[in-house]
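Student: I'd like to practise reading a structure with you, one feature at a time. Could you give me the general idea first and then the case at hand?

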Amino acid sequence: MEMYEIGIILLLIIAFYTDIRSSKIPNALVVVGLIVGLLYHGLYGVDGLTFAVIGFIAGLLPTLFLYVFKALGAGDVKLFAAVGTIGGASFVLTLLIYAVILSGLIGLLVMLLRWAGKGQWSSIQTKVPGIVERETASGRTQVRFPFMYAVAPAAVLTFALGYIAF
């Protein structure tokens, strides 16, 4: 396992913990990730810095698009930019693809649990930290869960299956 991969794993573990506990990914964590990525890849000269900057952009732009449509929080956007700086474009885009797919599956599971187990839903909701249910302005009920619930298994898949070449 490469040193930068250990950096990604540590970054994601800390982000998972803080996101589940407080629904926030600390800016300090993201800044450390950005600095680590730039310093590590900067050791390889201009090519290394180019790798880190392209990874930063690859992590930032697609998640910024999802943020605009309120699918992600700002912390998730910054986290993916930091992960891209450390892991590069192929890693972060592969991670994002898996995370979006898993997020959709988690959303379907939540819908099924709410529909099938109406009496059980409040029990499930209180046992899983970070899940928030609220009413929108239109009167509909909206359920939100930390994106890190999808990112963590997506990271495992990314490391286990390899990165998609972009």
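Student: Is lysine 70 buried or exposed, and why?

Tutor: Keep in mind that this is a predicted model. The cut-off to remember is that a residue counts as exposed when its relative accessible area is over 50%. Lysine 70 has a relative accessible area of 65%, so it is exposed. Lysine 70 sits in the loop between α3 and α4.

Student: What should I notice about the phi of lysine 70?

Tutor: Look at the sign. Lysine 70 is not a glycine, and yet its phi is positive, at about 60 degrees. Serine 23 is another residue to look at: its phi is also positive, near 60 degrees, and it is not a glycine either.

Student: Where does serine 23 lie?

Tutor: In the loop between α1 and α2, coming after α1. Its relative accessibility is 47%, so serine 23 counts as partly exposed.

Student: Let's turn to α1, then. How does its length compare with the expected one?

Tutor: The idea is to set the span between the end C-alpha atoms against a rise of 1.5 Å a residue. Helix α1 covers residues 3–22, which is 20 residues, and it reaches 29 Å from the first C-alpha to the last, close to the expected 28 Å.

Student: Which residues of α1 are buried?

Tutor: Start from the general rule: an α-helix has 3.6 residues a turn, so residues three or four places apart point the same way. Now the list for this helix: Tyr4, Glu5, Ile8, Leu11, Leu12, Ala15, Thr18, Asp19 and Ile20 are the buried residues of α1. The cover over them includes α2, α4 (74–116) and α6 (148–161).

Student: How many residues are in the largest nonpolar core, and which have the most contacts inside it?

Tutor: There are 30 residues in that core, and Leu12, Leu79, Val83, Leu95, Phe147 and Val151 have the most contacts inside it. Two or more residues come from each of α1, α2, α4 and α6. The largest share is that of α4, with 14 residues.

Student: Can we take one of those core residues apart? Where is valine 83, and what does it touch?

Tutor: Valine 83 belongs to helix α4. For burial, the cut-off is a relative accessible area under 20%. Valine 83 has 1% relative accessibility, so it counts as buried. Leaving out residues up to four places away in sequence, valine 83 touches Ile8, Leu11, Leu12, Gly88, Phe91, Val92 and Leu95. Its C-alpha is also 7.5 Å from that of phenylalanine 56, although the two are 27 residues apart in sequence.

Student: What is valine 151 in contact with?

Tutor: Once its neighbours within four places in sequence are set aside, valine 151 is in contact with Leu12, Phe80, Leu95 and Ala99.

Student: Now the outside. Which residues form the nonpolar patch on the surface?

Tutor: The patch consists of Leu38, Leu49, Val53, Ile57, Leu61, Leu64, Phe65, Tyr67, Val68 and Phe69, and together they have about 950 Å² of accessible area. Helix α3 (residues 45–68) gives the most to the patch, with 8 residues. Leucine 38, by contrast, is in helix α2 (residues 27–42). With 39% relative accessibility, leucine 38 is partly exposed.

Student: I'd like to compare two neighbours in α3. Are isoleucine 57 and alanine 58 buried or exposed?

Tutor: Both residues are in helix α3. Isoleucine 57 has a relative accessible area of 41%, so it is partly exposed. Alanine 58, at 13%, is buried.

Student: What does alanine 58 touch?

Tutor: Not counting residues up to four places away in sequence, alanine 58 touches Ala89, Val92 and Leu93. Alanine 58 and serine 90 are 8.3 Å apart from C-alpha to C-alpha, with their positions 32 residues apart in sequence. As for isoleucine 57, its C-alpha is 9.4 Å from that of phenylalanine 80, which is 23 residues away along the chain.

Student: One last residue: where does leucine 113 lie?

Tutor: Leucine 113 is in helix α4. At 31% relative accessibility, leucine 113 counts as partly exposed. The C-alpha atoms of leucine 113 and isoleucine 124 are separated by 8.6 Å, and the two residues are 11 apart along the chain.

How values were computed:
Residues numbered from 1 in each chain as written. Predicted model: local features only at pLDDT ≥ 70, side-chain atom pairs only at ≥ 80, totals over all residues. Heavy atoms only, no water. Patch = residues over 30% accessible without salt bridge, like charges linked within 9 Å, V, L, I, M, F, W, Y side chains within 5 Å. Areas by Shrake-Rupley, 256 points an atom, 1.4 Å probe, with all protein chains shown as cover. Salt bridge = Lys/Arg side-chain N within 4 Å of Asp/Glu carboxyl O. Helix = DSSP H or I, 4+ residues; strand = E, 2+ residues; numbered from the N terminus. Buried < 20%, exposed > 50% of the residue type's maximum accessible area, 1.4 Å probe, protein only. Expected span 1.5 Å × (residues − 1). Contact = heavy atoms within 4.5 Å. Core = buried A, V, L, I, M, F, W, Y, C linked by side-chain atoms within 4.5 Å.
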